Amino acid sequence: MTRLRRVAALGLALALALLLTVALVTLLAPRWTLEAGDASRHALEAIAQAETLQSRVTDLETGQRGFVLTDDPAYLEPHRQAEKRLPKDFARLRHLTSDNPRQRARLDELVPLLEKKRKELDATLELRRSQGLAAALTPIETDVGKRTMDRIRALISELKREERALLDARLATRGLERRRTALLVILGSGIAAALVLAAVLALLLQMAERVRAERATRESEQRLVVTLSSIGDAVIATNTDGRVMFMNPVAVSLTGWPLKESHNLPTPVC
């Protein structure tokens, strides 16, 4: 195999390898995008669930305050609904953030705070029912309940901030992966096309070199025929099987064989 043919074969092999790589990346890209999308949706769900939890705690306190101030049982309905749904909302949030140790620590801190707040609100409601407005306002006017609520809000806010940071990071990674995939496909396809072109050019050069070699051989043979035809001695040229391939005029006159009929005849014995 000539050097140009080896170059062409190597170029085609590399082009094929690149095209297979590009095809593989193209097949895997949707999966990578789907995984990144799932991670982003997971963070969005955690943020939404944290906001739901915060809304439940707010409803819990707002319903209690409304009943304390008005003694209207209608205000207790948001309080009851929030108290009923709060455990499920909390469990859902814990599940969504179970893979993050910092979030688990925040939720662990929230558990006793939520229980403390629930007991405080229930105690205030009982005071309003049994002893009236003045007795119920006494614990409300202290800072104990406010500090507990402020800490609950702070923990939920911290939780949401971290999930938003994770979401931003995942979206950035998703965009980077898309750009890398597009760049790899473009560069890989371009390089593969260049390699195929180089292989084709190498084959064309090899064909041109072969044509030049054959032309040079024919020209050399023609010059040799002219030279042998002009000398005064008889000249008979045979192939490897001993068959006559050429006879100059002197040999024709000596053998008596016509030039056209002498081709492929056995060499005459002198």
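## Cores, a buried glutamate and a surface patch

The largest nonpolar core has 18 residues, and within this set Leu-53, Leu-110 and Ile-152 touch the most other members. Helices H1 (3–70), H2 (76–96), H3 (101–131) and H5 each supply at least two residues of this core. Apart from it lies another core, made of six residues, including Phe-67, Leu-125, Ala-136 and Ile-140. The model described here is predicted.

Which residues does Leu-110 touch, not counting residues up to four places away in sequence? They are Leu-53, Phe-90, Ile-152, Leu-155 and Ile-156. Two of these, Leu-53 and Ile-152, are named with Leu-110 as the core residues that touch the most other members. In soluble globular proteins, nonpolar side chains tend to be buried together.

### Overall composition

The secondary structure of the protein comes to seven helices and two strands. From the N terminus on, these elements run α-α-α-α-α-β-β-α-α. Among contacts between residues at least 6 apart in sequence, 63% join residues at least 24 apart. The totals for the protein are set out below.

| Property | Value |
|---|---|
| Residues counted as buried | 29% of 270 residues |
| Accessible surface | about 17,000 Å² |
| Part of the accessible surface belonging to carbon and sulfur atoms | 62% |

### Two residues of helix H5

Helix H5 spans residues 144–230 and contains Leu-197. Glu-162 lies in H5 as well.

Is Glu-162 buried or exposed? Its relative accessibility is 11%, so Glu-162 counts as buried, the cut-off for buried being under 20%. The side chain of Glu-162 makes a polar contact with the side chain of Arg-106, at 2.8 Å. Leaving aside neighbours within four places in sequence, Glu-162 is in contact with Asn-100, Arg-102, Gln-103 and Arg-106. Arg-106 therefore appears both in the list of contacts and as the polar partner of the buried Glu-162.

Leu-197 has a relative accessible area of 52% and is therefore exposed, since exposed means over 50%. Leu-197 belongs to a nonpolar patch on the surface, together with Val-196, Val-200, Leu-201, Leu-204 and Met-207. The accessible area of these patch residues together is about 530 Å².

Helix H5 thus holds a charged-type name on the buried side of the cut-off, Glu-162 at 11%, and a nonpolar patch member on the exposed side, Leu-197 at 52%.

Notes. Residues numbered from 1 in each chain as written. Predicted model: local features only at pLDDT ≥ 70, side-chain atom pairs only at ≥ 80, totals over all residues. Heavy atoms only, no water. Patch = residues over 30% accessible without salt bridge, like charges linked within 9 Å, V, L, I, M, F, W, Y side chains within 5 Å. Areas by Shrake-Rupley, 256 points an atom, 1.4 Å probe, with all protein chains shown as cover. Salt bridge = Lys/Arg side-chain N within 4 Å of Asp/Glu carboxyl O. Helix = DSSP H or I, 4+ residues; strand = E, 2+ residues; numbered from the N terminus. Buried < 20%, exposed > 50% of the residue type's maximum accessible area, 1.4 Å probe, protein only. Core = buried A, V, L, I, M, F, W, Y, C linked by side-chain atoms within 4.5 Å. Contact = heavy atoms within 4.5 Å. Polar contact = N/O pair within 3.5 Å; in protein donor to acceptor, adjacent residues only side chain to side chain.
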